[in-house]
Amino acid sequence: MTVTAASPPSPLASPPSTPVVSVRGVWTRYGKTEALRGIDLDIPAGLMIGMIGPDGVGKSSLLSLISGARVVQEGDVRVLGGDMRDRRHRLDVCPRIAYMPQGLGKNLYPTLSVEENLQFFGRLFGHDGPERRRRIDELTRATGLDPFLSRPAGKLSGGMKQKLGLCCALIHDPDLLILDEPTTGVDPLARAQFWDLIADIRKTQGQMSVIVATAYMDEAQRFDWLVAMDDGNVLDTGTPQEVFDRTGTTSLEEAFIALLPEEKKRGHRAVVIPPLEAEENDIAIEAQGLTMRFGDFTAVDHVSFRIRRGEIFGFLGSNGCGKSTTMKMLTGLLPASEGKAWLFGKEVDSSDISTRRRVGYMSQAFSLYGELTVRQNLELHARLFHVPREEIPARVTEMVERFDLTHVLEELPESLPLGMRQRLSLAVAMVHKPDLLILDEPTSGVDPVARDGFWRLLVELSRRDKVTIFISTHFMNEAMRCDRMSMMHAGKVLDSDVPQRLIDKRGAKDLEEAFIGYLVDAGGDTRSPQAHSLQEGAPAMSGEPSHPDTGGAFSLQRCLTYAWRETLELQRDPVRATLALAGSLILMLVIGFGMTTDINELSYAVLDRDGSLLSQNYALDISGSDYFVEHAPIRDYDDLDLRLKDGELALGIEIPPGFGRDVSAGRQVSIGTWFDGANPSRAETVQGYIQGLHQHWLTEQVRRRTGSSAGTFSLENRYRYNPDVQSLPAMVPLVIPLLLLMLPAMLTALAVVREKEIGSIINLYVTPVTRSEFMLGKQAPYVGLALINFLLMVLMAIFIFGVPVKGSFPTLLLAATIYCISATGMGLLASALTRSQIAAMFLAMIGTMIPATTLGGMTDPVSSMEGGARFMGEIYPASHMFTISRGVFAKALGFSDLAGSFLPLAISAPVIVGVAIMLLKKQEA
Amino acid sequence: MLTRLSNIYRLGVKELWSLWRDPIMLVLIAFVFTVSVYTSANSTPETLHNAAIAIVDEDDSPLSQRIVSSFYPPQFVVPRMIVPQQIDPGMDAGDFTFVLHIPYGFQRDVLAGRGAEIQLNTDATRMSQAFTGSGYIQQIVNGEVNEFVNRYRANTVPQVDLAIRARFNPTLNKSWFGALAQIINQIAMLSIILTGAALIREREHGTIEHLLVMPVTPFEIMMSKVWSMGLVVLLASALSVNLVVRALMHVPIAGSLPLFFAGAALVLFSTTSMGIFLATIARNMPQFGMLMILVLLPLQMLSGGSTPRESMPQLVQDVMLFAPTTHFVELGQAILFRGAGFDVVWPQFAATFAIGVVFFAVALARFRSTISAMA
């Protein structure tokens, strides 16, 4: 296979008259940072447009404005003939735009399979079943993804993820395709295949405009028209040839550097690598038969190599071939399944702390603390690696100067462009002056100038400081700079040697060709043969009625699409659903049996200072009660005090001296009781019991003395609805609404905010789905889950607790349905307000548990509360659900009896969901 | 040893910085320890408050009128006078918790000693209010009847009254106890969220991997989270006790606050460990959320903070002895309200410490064995 140019240069003699994108005076600011500074730009239609420039110059910001994902702060953005600030135009035009954000598979759902991801996007754009099938088959056949339809997107290699992302973008035949660094972090073979695919599609669909931001200059060189950007401004536009002519250069890499302003260019000079002077036997890293298995899958298969001290050793291989795993085994992060490795002659042992100090590791994903400033990150790592305290400031300064981070010292890494973050990662990995650096794709997504700067540092470290460097990369020019390198594929090392010798061995013209040759030999070309030919005029690519549903009105299909997707995700994580269902049953058991209000076996003791027959009779009367358990008599006040204090006694009774005599004489006497008021609800019960007993004793005395029962009466207390005064029939109807509130709210809260944290929220921004379709669609499966939950709990109430539903079950079911909508709505609200999962979880917890248990009238009726708490209790849906549940379970009531509680419940559900929808944003701010 | 302590200290400081840079979390922490404590403590009505009562008076005698006029706010709402037909609908709708039914000829029967009977209907689904309320009503009716009868007859009833004194909280002000229960709940909730969810986030963002290649041990990583997040919660609760509970709500504190916070620190040791333990079980944040509710809700409901422990089945009482919050509720009550000293509460301290050590050890073992899978 040969690597072809991305596309044949289009005839530029007649550029289309109306630009596809027209930008005037656009500014974008994030806080104090100015990402775009007054951009004016017209992008011609029907071409392949390349956007090049260093990191953090505003390429991504501009692309997200064009795609409609981000709010236009200032200026004018016209795309496909309309104003992107106009909501109506965005809705009209978004089915004609496809946007693939930066990052591998950022808009995909990792737990969904390839097929399901494609189905999801197809449905969102309103295609019917057969139409979707046809388009998916076409696209997957063309991209060679068809054998992997059932594989979860998260388990695809980087290149395949990007192909899938492209398929998802193309499924609705866009007129404008926006790709933000689609090949960053993708291996050369997959990259070549990716561009072939785009070229094929453009062949069949000539009018499509494609805008690509890229860090690979060799890719950009093949585009029709270029936009060079720097520092929020456009430096130059034109065909590559025009750019070369203007700058007097022959390659884009040079042209790009020539275009940069003076002060940025100054630092740049070509990377020169002095020859390596290493002792043949001075080995820094040695691996023998290193193997890693995850279940059946062998990620690394008997890999062996030796790396000399001070050598720069490169790892080149396709995505997912085991490079990162090998590196992790060397650092001790993963224990090897088989084989051994030595660092500086010592066997790798994850518990060996001292070796770790000699190693600096930089992982593929950015993994520094985003909440610490650049300086704090450096200092923290210096301290953890036990750099002597007095050396730390000097060391930090040295690193900062070396990596050119001085002006961002007090900033948070999250606000830095990718290239700068990579430099910081490297600085952090080196702050303790390690003897060995293990760098996993350190330059992915870094612009050419910064990359060269980075390599000059590496060379200096290797040659001057004799630091051994073990590096993996996707850039061929970087691999060429290594002293030796290994080609890796599918867990195996294909060959290791000096790069030039590898090229010679294959007789290739350059390293890329050699590498692809090795891969193809190893069976790494995953494309099926027919993939090369897209059928001419294949409808998926050739503008049939491709935009069937563009209306801004509520679309049930799109809403159901989200519901379907959410259901799939729930299915893929069965633990989550099981926890929700089993959890509620367990909790119901615990709380149902655990929380009762009948209090008995209260401990008491008597201080009898009289000792008469009558006083003994009084004490005996109390000890006869079921409620009280007598403890040893109290000796004196101190004894009473101590025993109350340590909680031994709940009640102390003092019968005064001369009690019997005074009572007989009809004199006024007084019995003293002291009880523990620390827990007021228990104290009240104690008080009630003792007063009752006292009264009973008095009545007895009267009867005994006078023989008459005049003045006596009996108060017949009928406990309604729960005649035996059992706790269960009272508790169970309360526990159900409580659990029905907390668990669904928590699940829903995370469902939305997770998309924000992981990045797939972008699909809300750039597809025709509206906020209400999105929210309601996501909510539906959780309402369903909550209802299953409800039914299970009702069954448990009936069969395990023996608490029957005395009233109308349909009424209860209706109330539960409305209530579940409110409960999940509260989850939506929590996630609309927050940006991180922790905060959403916390908010959902505060918003449900506390109000429901204290304000909702669970233990104390709402009517007896006051002030703000009363108001909250009155409007909180749980209060009304408690009333309905109690009414139906215990009081045998039906709908008409409970209409008064249904009304507020029915109002709260749409209000909560509506507010949540309003708080969600359809565009990034 | 020194390097170990310094690592623990450094990593802990890092945790504090992370929290400091998350304004939403800070606001929420402030909220739960101030507004939330205040409102929910005050929401619990003071003893019997505004109980809804209705009276059917068929007797319409001086005695029955005496009884009717003896129910008044704030314990009761002004009684609604109703006819017997209104009893059932009114109770069904939950309009009245109590209906007192005085039958025809009640006064006559009382004076004649002919087994007079008065009927009280109580809505038993109203739980606590039903039980305390019906006791109250019985007192009131008794008192009125006795006084009435005594005026008509010689003094035959013994003159024994019951002097009732509630120790430690003389007015049985529920907001005191409510505030304590709230603070204890918040301590448990926050410490679990802060450590557990933060660990899951580190895993989801890949920063845990970074820690693992550095010369630090899992013990140090875990210890750092325990002390830093424990400190945050301890400080927040100290501020809450001093500013909200003491200054704003005027709850008198009987015992020694330092002793109370020493107990809180011990509890935090175990709850933060619990958070880490949960995080090692859950594979992602939604699972962690579910697990957390599963743990927190029983802790809140069954520790004795919302209903007295005596009323729970023996099995539940025994199981809950393994929960640190149970001992915390006990020692909190003893120290804050009963003014108990260390000589009294040392068993709770010992139990809490023992539970903390066990939780920490289990969490550490689990953390060690799963940490490599986290990277």
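Reader: What is the bridge partner of A:Gly672 in E5(B)?

Author: In this predicted model, A:Gly672 is bridged to B:Ala163 of E5(B).

Reader: What makes E24 of chain A and E5 of chain B a pair?

Author: Pairing needs at least two bridges between the strands. Strand E24 (residues 669-676) of chain A and strand E5 (residues 160-167) of chain B have 8 bridges. These strands therefore count as paired. They run in the parallel sense.

Reader: What joins E24(A) to strand E23 of chain A?

Author: Strand E23 (residues 651-655) of chain A is linked to E24(A) by 4 bridges, and the two run antiparallel. With at least two bridges required, this too is a pair. One bridge sets A:Glu654 opposite A:Gly672. A:Gly672 is also the partner of B:Ala163 in E5(B).

Reader: Why is the pairing of the open sheet called mixed?

Author: Strands of a sheet can pair either parallel or antiparallel. E24(A) pairs with E5(B) in the parallel sense, while E23(A) and E24(A) are antiparallel. The sheet has 5 strands, in the order E22(A)-E21(A)-E23(A)-E24(A)-E5(B), and its pairing is mixed.

Reader: What makes a strand of this sheet an edge strand, and which strands are they?

Author: An edge strand has a single partner strand. Strand E22 (628-630) of chain A and E5 of chain B fit that, so each has one side without a neighbour in the sheet. Direction ignored, neighbouring strands are turned by 25 degrees against each other on average.

Reader: Which helix packs on E21, E22 and E23 of chain A, and at what angle to E21(A)?

Author: Helix H22 (residues 613-623) of chain A touches those strands. Its direction makes about 175 degrees with that of E21(A). Angles run from 0 to 180 degrees between N-to-C directions, so H22(A) and E21(A) point in nearly opposite directions. Helix H23 (residues 637-645) of chain A lies across E21, E23 and E24 of chain A together with E5 of chain B. H23(A) runs at about 35 degrees to E24(A).

Reader: How many residues of each chain are in contact with the other chain?

Author: 126 residues of chain A are in contact with 126 residues of chain B. Contact here requires C-beta atoms within 7 Å. Helix H25 (residues 680-706) of chain A gives the most to the chain A side, with 17 residues. That side divides into 60 nonpolar, 44 polar and 22 charged residues.

Reader: How do you know what shape chain B has, spread out or compact?

Author: Set its radius of gyration against the globule rule. The value is 28 Å, and the rule gives 21 Å for 375 residues, so chain B is more spread out than a compact globule. Its C-alpha trace spans about 90 × 45 × 40 Å along the principal axes. Chain B has 15 helices and 5 strands.

Reader: What makes a residue buried, and what percentage of chain B is buried?

Author: A residue is buried if 20 or more other C-beta atoms lie within 10 Å of its own. In chain B, 57% of the 375 residues meet that mark. In chain A, 54% of the 925 residues do.

Reader: Which elements of domain 1 of chain A touch domain 3 of chain A with two or more residues?

Author: Strand E6 (97-100) and helix H3 (114-124) of chain A do. H3(A) gives the largest share, 4 residues. The contact takes 21 residues from domain 1 of chain A and 17 residues from domain 3 of chain A. The centres of these domains are 41 Å apart.

Technical notes:
Residues numbered from 1 in each chain as written. Chains lettered and ligands numbered in written order. Predicted model: local features only at pLDDT ≥ 70, side-chain atom pairs only at ≥ 80, totals over all residues. Contact = placed C-beta atoms within 7 Å. Nonpolar A, V, L, I, M, F, W, Y, C, P; charged D, E, K, R; others polar. Domains from an automatic or database assignment. Buried ≥ 20, exposed ≤ 12 C-beta atoms within 10 Å, placed from the backbone. Rg over C-alpha atoms; globule rule 2.2 N^0.38 Å.
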